[in-house]
Amino acid sequence: MGLVGNQHFFKQAWLTALVGAMLCLVVTSAHAAEPESLKGVALIVGQSKYQHIAALPNPANDARDIAKMLTDLGFDARSVTDRDAAKLKRDLERFAEDAEDADVALIYYSGHGIEAGGENYLVPVDADGRH
């Protein structure tokens, strides 16, 4: 799967992440007076083992540590690593559904990212940097 063919997916994934972050800010401020009763959900993504571009040694470790921290803070934290485009898309869609019922929603991403034409994209592990 080439990067050019994945641009729509990456743009959609980025918009989903942005909406989740905005939801987090709006809902958090609405419930600021009741911090102990907040329901938090988090998606933590660590992309280390890329198939066609340079692998990264730390994102999977970072994701594990962030997931533990958020779980300890009471978040319903889902941690995923080394996701191809299809799995990453499903993870983001599931997170968006979970965020609808949450007071606080957070996405943490560690891995390669691309900025092109003013747009930011998450890079799945099966991205082919040659196209």
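The following is a dialogue about a predicted model of a protein, with each label set against its cut-off.

Visitor: What makes up the secondary structure of the protein, and in which pattern?

Guide: There are three helices and five strands. Along the sequence they run α-β-α-β-α-β-β-β.

Visitor: How much of the protein is buried, and how much surface does the protein expose?

Guide: Of the 131 residues, 36% are buried. The exposed surface is about 7,500 Å², with 55% of it supplied by carbon and sulfur atoms.

Visitor: What share of the contacts between residues at least 6 apart in sequence joins residues at least 24 apart?

Guide: That share is 78%.

Visitor: Why is R83 called buried?

Guide: The relative accessible area of R83 is 17%. Buried means under 20%, so R83, at 17%, is buried. R83 is found in the loop between strand 2 (76-81) and helix 3 (85-100).

Visitor: What is R83 in contact with, leaving aside its neighbours within four places in sequence?

Guide: The residues are Q47, R78, L88, D91, P124 and V125. With one of them, D91, R83 also makes a side-chain polar contact of 2.8 Å. The cut-off for a polar contact is 3.5 Å, and the distance of 2.8 Å between the side chains of R83 and D91 is within it.

Visitor: D82 is found in that loop as well. Why is D82 called partly exposed?

Guide: D82 has a relative accessible area of 24%. Buried requires under 20% and exposed over 50%. The value of 24% lies in between, so D82 is partly exposed.

Visitor: What makes the phi of D82 worth a remark?

Guide: Phi of D82 is near 50°, a positive value, and D82 is not a glycine. Most residues other than glycine have a negative phi.

Visitor: Which polar atom lies 2.8 Å from the backbone nitrogen of K49?

Guide: A polar atom of the side chain of D82 does. K49 is also among the residues that D82 contacts beyond four places in sequence; the others are G46, Q47, S48 and V125. Q51 is 31 residues from D82 in sequence, with 9.8 Å between their C-alpha atoms.

Visitor: How do you know that the span of helix 2 is close to the expected one?

Guide: Helix 2 (residues 59-72) has 14 residues and reaches 20 Å from its first C-alpha to its last. At 1.5 Å a residue, 20 Å is expected.

Visitor: Why are the buried residues of helix 2 said to line one face?

Guide: The buried residues are P59, A63, I66, A67 and L70. Down the axis of helix 2 they fall within an arc of 105°, so they line one face of the helix. They pack against strand 1, strand 2 and strand 3 (104-110). The face turned away from the buried side carries the exposed residues K68 and D72. Helix 2 is followed by G74, with a positive phi near 100°.

Visitor: What puts the buried residues of helix 3 on the same side?

Guide: Helix 3 has A85, L88, D91, L92, F95 and A99 as its buried residues. They cover an arc of only 125° around the axis, which puts them on the same side of helix 3. E97 and E100 are exposed residues on the face turned away from that side.

Visitor: Is A96 of helix 3 called partly exposed or exposed, and why?

Guide: The relative accessible area of A96 is 32%. Partly exposed lies between the cut-offs of 20% and 50%, so A96, at 32%, is partly exposed. The C-alpha atoms of A96 and L43 are separated by 9.6 Å, and the two residues are 53 apart along the chain.

Visitor: Which residues make up the largest nonpolar core?

Guide: The eleven residues are V41, L43, V45, V80, L88, L92, F95, A99, A102, A105 and L122. Helix 3 gives the most to this core, with four residues. Apart from it lies another core of eight residues, including I44, A67, L70 and V104.

Visitor: What lies at the start of helix 3?

Guide: A side-chain oxygen of D84 reaches to within 3.2 Å of the backbone nitrogen of A86. The polar contact cut-off is 3.5 Å, and 3.2 Å is within it.

Key. Residues numbered from 1 in each chain as written. Predicted model: local features only at pLDDT ≥ 70, side-chain atom pairs only at ≥ 80, totals over all residues. Heavy atoms only, no water. Helix = DSSP H or I, 4+ residues; strand = E, 2+ residues; numbered from the N terminus. Buried < 20%, exposed > 50% of the residue type's maximum accessible area, 1.4 Å probe, protein only. Contact = heavy atoms within 4.5 Å. Areas by Shrake-Rupley, 256 points an atom, 1.4 Å probe, with all protein chains shown as cover. Polar contact = N/O pair within 3.5 Å; in protein donor to acceptor, adjacent residues only side chain to side chain. Core = buried A, V, L, I, M, F, W, Y, C linked by side-chain atoms within 4.5 Å. Expected span 1.5 Å × (residues − 1). Arc of directions from axis to C-beta.
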